[in-house]
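Please load the model in your viewer and keep the sequence panel open beside it. The stops below are meant to be selected one after another, with a short account of what is found at each.

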Amino acid sequence: MKDLQQLVQKILKCRCPKCGKGKIFAKYLTLKESCSECGESFTKLRADDGPAWITMMIVGHIITPIMLTYEITRDIPFWVSVTLWPALFALTSIITLPFAKAFFVNMIWRGNQDNEIEKHS
């Protein structure tokens, strides 16, 4: 349980998967080459399209039902719908994406560590 709690903290704080102290991002979604605290390399931790996919799944499954319910139960002007929903989708995606990438980076790093342990056993 403590391991899961530490993992969640690393993801939510976007911290190094090894030490949990150094930041993993140099910019918005650009990974640093290595951790500033422990020196762990991030160069082989390629999340590729995983974060975008999971972000679309999360945002789509949360916002779409809200949007459909709101559109069906309320009589709002067309221009409000055309501006509100795309803006809400974009904003929630922009907020969610770094956490999704931190999740994938941590999971890939954990998988690599498990493979290293198996190789040396």
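**First stop: Ala-100 and its surroundings**

Begin by selecting Ala-100, which sits in helix H3. The model is a predicted one, and Ala-100 is buried in it, with a relative accessible area of 6%. If you display the contacts of Ala-100 while leaving aside neighbours within four places in sequence, the residues that appear are Pro-51, Ile-54 and Thr-55. Now add Leu-7 to the selection: Ala-100 and Leu-7 are 93 residues apart in sequence, and their C-alpha atoms are 13 Å apart in space.

**Ser-81, also in H3**

Stay in helix H3 and select Ser-81, a residue that counts as buried at 12% relative accessibility. Beyond the neighbours within four places in sequence, Ser-81 is in contact with Glu-71, Ile-76 and Pro-86. Draw a distance between the C-alpha atoms of Ser-81 and Glu-71, and the viewer should give 8.0 Å for this pair, whose members are 10 residues apart along the chain.

**Helix H2 from end to end**

Next, select H2, which covers residues 50–73. This helix of 24 residues reaches 35 Å from its first C-alpha to its last, a span close to the 34 Å expected at 1.5 Å a residue. Where does H2 bend? Centre the view on Gly-60, at which H2 bends by about 30°. Then colour H2 by accessibility, and Gly-50, Pro-51, Thr-55, Val-59, Ile-63 and Met-67 will come out as buried. Two of these names belong to the first stop, since Pro-51 and Thr-55 are among the contacts of Ala-100.

**The nonpolar cores**

In soluble globular proteins, nonpolar side chains tend to be buried together. To look for this here, select Ile-24 and Phe-42, the residues with the most contacts inside the largest nonpolar core, which has 13 residues. The elements that give two or more residues to this core are H1 and H3, and H3 gives the most, with three residues. Keep Phe-42 selected and expand to its contacts: not counting residues up to four places away in sequence, Phe-42 touches Cys-16, Pro-17, Lys-23, Ile-24, Leu-31, Lys-32, Glu-33, Ser-34 and Cys-35. Apart from the largest core lies another, of five residues, among them Ile-63, Met-67, Ile-76 and Trp-85. Ile-63 and Met-67 have already been seen as buried residues of H2, and Ile-76 as a contact of Ser-81.

**Three salt bridges**

Side chains of opposite charge can pair when their charged atoms come close. How many salt bridges does a search of the whole structure find? The search finds three.

For one of them, select Asp-3 and Arg-110, whose side chains meet with 3.0 Å from N to O. Asp-3 lies in helix H1 (residues 2–13) and Arg-110 in helix H3 (residues 78–119), so this salt bridge ties together parts that are 107 residues apart in sequence. Asp-3 counts as partly exposed at 44% relative accessibility, and Arg-110 is also partly exposed, at 31%.

Move on to Glu-40 and Lys-18, which form a salt bridge whose closest N and O atoms are 3.6 Å apart. Both residues lie in the loop between H1 and H2, so the pair ties together parts that are 22 residues apart in sequence. Is Glu-40 buried or exposed? Glu-40 is buried, with a relative accessible area of 18%, whereas Lys-18 counts as partly exposed at 47%.

The remaining pair to select is Arg-46 and Asp-48, with 3.0 Å between the closest N and O atoms of their salt bridge; both of these residues are exposed.

**Backbone angles in the loop**

Keep Asp-48 selected and turn to its backbone, where phi is near 50°, a positive value in a residue other than glycine. Asp-48 lies in the loop between H1 and H2 and has a relative accessible area of 54%. Then select Cys-14, found in the loop between H1 and H2 as well, which has a positive phi of about 55° although it is not a glycine. Cys-14 is buried, with a relative accessible area of 12%.

**Last stop: confidence**

Finally, colour the model by pLDDT. The protein averages 92, and 93% of the residues score at least 70. Confidence is lowest in H3, at a mean of 89, and highest in H2, at 95. Where pLDDT is low, the predicted coordinates should not be read in detail.

Key. Residues are numbered from 1 along each chain as its sequence is written. This is a predicted model: local features need pLDDT of at least 70, side-chain atom pairs count only at pLDDT 80 or more; totals for chains, interfaces and linings use all residues. Side-chain values use heavy atoms; hydrogens and water are left out. A salt bridge is a side-chain nitrogen of Lys or Arg within 4 Å of a carboxyl oxygen of Asp or Glu. Helices (H or I, at least four residues) and strands (E, at least two) are DSSP runs, numbered from the N terminus. Buried means under 20% relative accessible area, exposed over 50%, partly exposed in between (1.4 Å probe, protein chains only). The expected span of a helix is 1.5 Å times one less than its number of residues. The bend at a residue is the angle between axes fitted to the seven residues ending there and the seven starting there. A nonpolar core is a set of buried Ala, Val, Leu, Ile, Met, Phe, Trp, Tyr and Cys residues joined through side-chain atoms within 4.5 Å. Contact means heavy atoms within 4.5 Å. pLDDT is the predictor's confidence in each residue, from 0 to 100.
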